[in-house]
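Here are some notes for a colleague who is new to this structure. They cover aromatic rings and one helix.

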Amino acid sequence: MTLGILSSFLIPPACVRLKGSQFHRNGSHETVSRPFAGVTYIHRKITTPRPLNLHVVLINLSTPGIKFRVTAPAPDGTTPLEKTVSFTRRSKAQIGINGNFFQALSSTRVKVLGLAASSGRVYSSWSNSYQGGINFSSNRVATFVTPQLGSEPPTVPLLIPYNLVSGLPVLVKNGQNVTVGVANPNEYAARSVIGLTQNQQLLLFVVDGPRSNVSTGMNQIELADLLINDFKVVHAVNLDGGGSSTLVFCRPTCAWINVPSSTTFGMGDRPVANNLAIYVPPIVSQPSPSLFGTRSPAWLQQLLPWSDNLPWAML
């Protein structure tokens, strides 16, 4: 496997496991913005003891007008490969994140792994007890669920899945780190996470990985610590990660917020099996005069800070 230009420098020491609060105070810089009504975006850059690029989206689930959409299946239960930015744009939503793990069936069709549902249609089932997910009901209530294998409905708590994405392993359950003994402490990668906080906010989390050239990625044990200590998460599950990890904002132009790293040269987003799109009211809606708006895309600003001085409005 060929890594990006700086990846060999970014490989983390296997012995370092930090608590969440240490990721905040050790050589970090954090910016907080409110891109949409009821939405807080936290971008945290960490330099010590190793480079990390974290993206945290906290969504007030009581925001008027909030809605959710999950990729719909074909009649045979498979889904088409589609990039998160494309799905979010096509859905005319404001926020998008990649969803379940998957198994490729062809160059264009895949089988979703783990429980998944779109507008009340369940098209994939649990496959093991380490999985968990977040269900969004028809009246937009978010619920953390785990498997109840061999039963109908197949979830704890019992509910009929409506819009649901899932992954593995469960990182946080009832405010406790449940990854120890399950997760590999030496596996550092880009990660996507969905969860719920103490005050019932929806959390979307992405950390960029080694191939992004700006971040080393995290192991799941320290990731769970971070979510609990810094963001008061009570339930969280690990979604598909690595080159699949993608977080998108449409303001109104749709663009990556993180630095997806599916390509050999460390930049680019991967088509995935399913995605979650979230509709929230924009605070200010201004048409973009060019492909990128008046500023360089967030991912390019992270790689090349001076790029924001270029005349993007003319492109």
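**Notes on rings and a helix**

1. Tyr41 and Phe249 are both buried. The model is a predicted one. Tyr41 belongs to strand β2 (residues 39-46) and Phe249 to strand β20 (residues 247-250), so defined by their DSSP runs; the two residues are 208 residues apart, and their pair links distant parts of the chain.

2. A search of the whole structure gives 3 aromatic pairs. In one of them, Tyr41 and Phe249 meet edge-to-face, with 5.4 Å centre to centre and 80° between the planes. Phe36 joins Tyr41 and Phe249 in one aromatic cluster.

3. The pair of Phe68 and Phe136 is stacked, because the ring centres are 4.0 Å apart and the planes lie at 20°. This pair also links distant parts of the chain: Phe68 is in strand β4 (residues 67-70) and Phe136 in strand β11 (residues 132-136), 68 residues apart. Phe68 and Phe136 are both buried.

4. A charged side chain also meets a ring: Lys67 lies over the face of Tyr279, 5.1 Å from the ring centre.

5. Helix α4 (residues 220-231) has 12 residues. From first C-alpha to last, α4 reaches 16 Å, close to the 16 Å expected at 1.5 Å a residue. Of its 12 residues, 11 are buried, and α4 is mostly covered. The buried residues include Gln220, Glu222, Asp225 and Asp230, along with Leu223, Leu226 and Phe231.

6. What lies at either end of α4? At its start, a side-chain oxygen of Asn219 comes to within 3.0 Å of the backbone nitrogen of Ile221. After α4 comes Lys232, with a positive phi near 55°.

How values were computed. Residues numbered from 1 in each chain as written. Predicted model: local features only at pLDDT ≥ 70, side-chain atom pairs only at ≥ 80, totals over all residues. Heavy atoms only, no water. Phe/Tyr/Trp six-rings, centres within 6.5 Å; stacked < 30°, edge-to-face > 60°. Helix = DSSP H or I, 4+ residues; strand = E, 2+ residues; numbered from the N terminus. Buried < 20%, exposed > 50% of the residue type's maximum accessible area, 1.4 Å probe, protein only. Lys NZ or Arg CZ within 6 Å of the ring centre and 35° of its normal. Expected span 1.5 Å × (residues − 1). Polar contact = N/O pair within 3.5 Å; in protein donor to acceptor, adjacent residues only side chain to side chain.
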